[in-house]
Amino acid sequence: MENTELDNCRYARNSNIVLRKMDDAGFLADQNNDAVYHLNETATAIWNLVEQPTSISETIATMQAAFPDIPGSQIEQDVRGTFNTLIERNLVVQAQ
């Protein structure tokens with residue numbers, strides 16, 4: 001996968017979003033509206049990482065180190081796709 005210019009931008013949690021846990025599932029709830037988003041394992045890991053501002057490239061490296069048995073290209077694809085969704089839904093934002 002090719003790096004984009006946004007790879008090194010730092011992202012953080014949108015302060016209007018809260019994590020809700022139900023059993024083993026995680027959901028992000030937007031306090032400004034009734035939107036609720038289910039988190040898969042990759043999204044949950046990214047949500048935990050963006051507690052402190054982090055970049056897409058840092059997240060990919062962290063996830064590849066944490067899961068050495070999973071092909072790096074698969075992790076990169078999953079992280080990029082998940083970040084795109086989180087950004088599009090305004091769940092994570094560029095850090096100030």
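In this predicted model, strand β1 (residues 10–13) runs antiparallel to β6, the two being joined over 3 bridges. Within this pairing, A12 sits opposite V93 of β6. Both strands belong to an open sheet of 3 strands, ordered β5-β1-β6 and paired in the antiparallel sense. At its edges lie β5 (54–55) and β6 (92–94), each of which has a pairing partner on one side only.

Strand β1 also takes part in one of the 2 salt bridges that the structure holds. Here the side chain of R10 meets that of E58, with 2.8 Å from N to O. This pair ties together distant parts of the chain, since R10 belongs to strand β1 and E58 to helix α2 (residues 56–66), 48 residues apart. How accessible are the two partners, R10 and E58? R10 is partly exposed, its relative accessible area being 38%, and E58 is likewise partly exposed, at 32%.

A salt bridge also forms between the side chains of E76 and R80, at 2.9 Å from N to O. These residues are 4 apart in helix α3 (residues 72–88), so about one helical turn separates them. In an α-helix there are 3.6 residues a turn, and residues three or four places apart therefore point the same way. As for their surroundings, E76 and R80 are both buried.

Turning to helix α1 (residues 41–49), the buried residues are T42, A43, I46 and W47. Viewed down the axis of α1, these buried residues fall within an arc of 135°, and therefore line one face of the helix. The N-terminal end of α1 is capped by N40, which places a side-chain oxygen 3.1 Å from the backbone nitrogen of T42.

Helix α1 leads on to the nonpolar interior. The largest nonpolar core comprises 19 residues, and L28, W47, V79 and F83 are those with the most contacts inside it. Two or more residues each come from β4 (36–39), α1, α2 and α3, with α3 giving the most, namely 4 residues. Such grouping can be set beside a general tendency: in soluble globular proteins, nonpolar side chains tend to be buried together.

Which residues does W47 contact, leaving aside its neighbours within four places in sequence? W47 is in contact with R13, I17, L19, L28, L39, L91 and V92. Among these partners, L28 is, like W47, listed with the residues having the most contacts inside the largest nonpolar core, while R13 falls within β1 (residues 10–13) and V92 within the edge strand β6 (92–94).

Notes
Residues numbered from 1 in each chain as written. Predicted model: local features only at pLDDT ≥ 70, side-chain atom pairs only at ≥ 80, totals over all residues. Heavy atoms only, no water. Pairing = 2+ DSSP bridges. Buried < 20%, exposed > 50% of the residue type's maximum accessible area, 1.4 Å probe, protein only. Arc of directions from axis to C-beta. Polar contact = N/O pair within 3.5 Å; in protein donor to acceptor, adjacent residues only side chain to side chain. Salt bridge = Lys/Arg side-chain N within 4 Å of Asp/Glu carboxyl O. Core = buried A, V, L, I, M, F, W, Y, C linked by side-chain atoms within 4.5 Å. Contact = heavy atoms within 4.5 Å.
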